[in-house]
Amino acid sequence: QVQLVESGGGLVQAGGSLRLSCAASGRTTGSYAMGWFRQAPGKDRETVAAISWSRSSTYYADSVKGRFTISRDNAKNTVYLQMNNLNPEDTAVYYCALDLTGWQTTYYSTAAHDYDYWGQGTQVTVSS
């Protein structure tokens, strides 16, 4: 079993920044991709960003390109999402997720159903 704990959410004004963290614990041996997803009230879950184990491959939704940066520290089993120039449309619950990839160190998925473990979510609210 793997446990994921997110932190760093909160209330910020438009144009501000937040940094989300997600720490994995438990059976984290082997390689795994990590992803950030978000869901706003009344909307479908959206894939925000993803990163491979090797950090060589990343994905960003068009809505966050140039503003968000995903990174990871494998020694700490932690993935980060730096969010800059936030706007009210970024308001959502943000979830991190872990996809066990075995030997595939450059792989990531943007499909939520591929992810094996999920965090509890952290609320991000951007005021105008």
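Here is a walk through this predicted model, stop by stop, with something to select at each one.

Before you click, know that residues are numbered from 1 along each chain as its sequence is written. Because this is a prediction, local features need pLDDT of at least 70 and side-chain atom pairs count only at pLDDT 80 or more, while totals for chains, interfaces and linings use all residues; side-chain values use heavy atoms, with hydrogens and water left out.

**Stop 1: the edge at S1**

Select residues 2-7, which make up strand S1. Strands here are DSSP runs of E with at least two residues, and they are numbered from the N terminus. Colour Val 2, Leu 4 and Glu 6 to see the covered face of S1, then Gln 3, Val 5 and Ser 7 for the uncovered one.

Now add strand S3, residues 18-26. S1 and S3 run antiparallel and are joined by six bridges; two strands count as paired if DSSP finds at least two bridges between them. Look across from Val 5 and you will find Ala 23, while Leu 4 has Ala 24 as its bridge partner.

Stay on Ser 7 for a moment. Is Ser 7 buried, exposed or partly exposed? Its relative accessible area is 38%, so Ser 7 is partly exposed. (Buried means under 20% relative accessible area, exposed over 50% and partly exposed in between, using a 1.4 Å probe and protein chains only.) Not counting residues up to four places away in sequence, Ser 7 touches Arg 19, Leu 20 and Ser 21, where contact means heavy atoms within 4.5 Å. Try drawing a line from Ser 7 to Gly 26: their C-alpha atoms are 18 Å apart, with their places 19 residues apart in sequence.

**Stop 2: across to S8**

Keep S3 on screen and add strand S8, residues 78-83. S3 and S8 also pair in the antiparallel sense, over six bridges. Pick Arg 19, and opposite it in S8 is Gln 82. Show the side chain of Arg 19 too: its charged end sits over the ring of Tyr 80, 4.0 Å from the centre. (That label requires NZ of Lys or CZ of Arg within 6 Å of the ring centre and within 35 degrees of the ring normal.)

**Stop 3: the core**

Which residues have the most contacts inside the largest nonpolar core? Select Trp 36, Leu 81, Met 83 and Tyr 94, out of 29 residues in that core. (A nonpolar core is a set of buried Ala, Val, Leu, Ile, Met, Phe, Trp, Tyr and Cys residues joined through side-chain atoms within 4.5 Å.) Among the elements giving two or more residues to this core are S1, S3 and S8. A second, separate core has five residues, including Phe 37 and Ala 97. Back at Leu 81, its contacts beyond four places in sequence include Leu 18, Val 48 and Phe 68.

**Stop 4: Ala 33 and its crowd**

Go to strand S4, residues 31-39, and click Ala 33. Ala 33 has a relative accessible area of 0%, so it is buried. Beyond four places in sequence, its contacts include Trp 53, Thr 101 and Tyr 115. Tyr 115 is 82 residues away along the chain, yet the two C-alpha atoms are separated by 8.5 Å.

Thr 101, in strand S9 (residues 92-102), is buried as well, at 7%. Thr 101 is also in contact with Ser 31, Tyr 32 and Tyr 107.

**Stop 5: rings**

Switch on the aromatic side chains: the whole structure holds five aromatic pairs. (Rings of Phe, Tyr and Trp, using its six-membered ring, pair if their centres lie within 6.5 Å; planes under 30 degrees apart are stacked, over 60 edge-to-face and the rest tilted.) Tyr 32 and Trp 53 have ring centres 5.2 Å apart and planes at 65 degrees, so they are edge-to-face. Since Tyr 32 lies in S4 and Trp 53 in the loop between S5 and S6, the pair ties together parts 21 residues apart in sequence.

Next, select Phe 37, Tyr 115 and Trp 118, a cluster linked by ring pairs. Arg 45 lies over the face of Trp 118, at 4.7 Å from the ring centre.

**Last stop: Ser 109**

Finish in the loop between S9 and S10, at Ser 109. Its relative accessibility is 5%, so Ser 109 counts as buried. The side chain of Ser 109 reaches the backbone nitrogen of Ala 111 at 3.0 Å, and a polar contact of 2.6 Å joins it to the side chain of Asp 114. (A polar contact is a pair of N or O atoms within 3.5 Å; within protein, one must be able to donate a hydrogen and the other to accept it, and residues adjacent in sequence count only if both atoms are side-chain atoms.)

Conventions:
Helix = DSSP H or I, 4+ residues; strand = E, 2+ residues; numbered from the N terminus.
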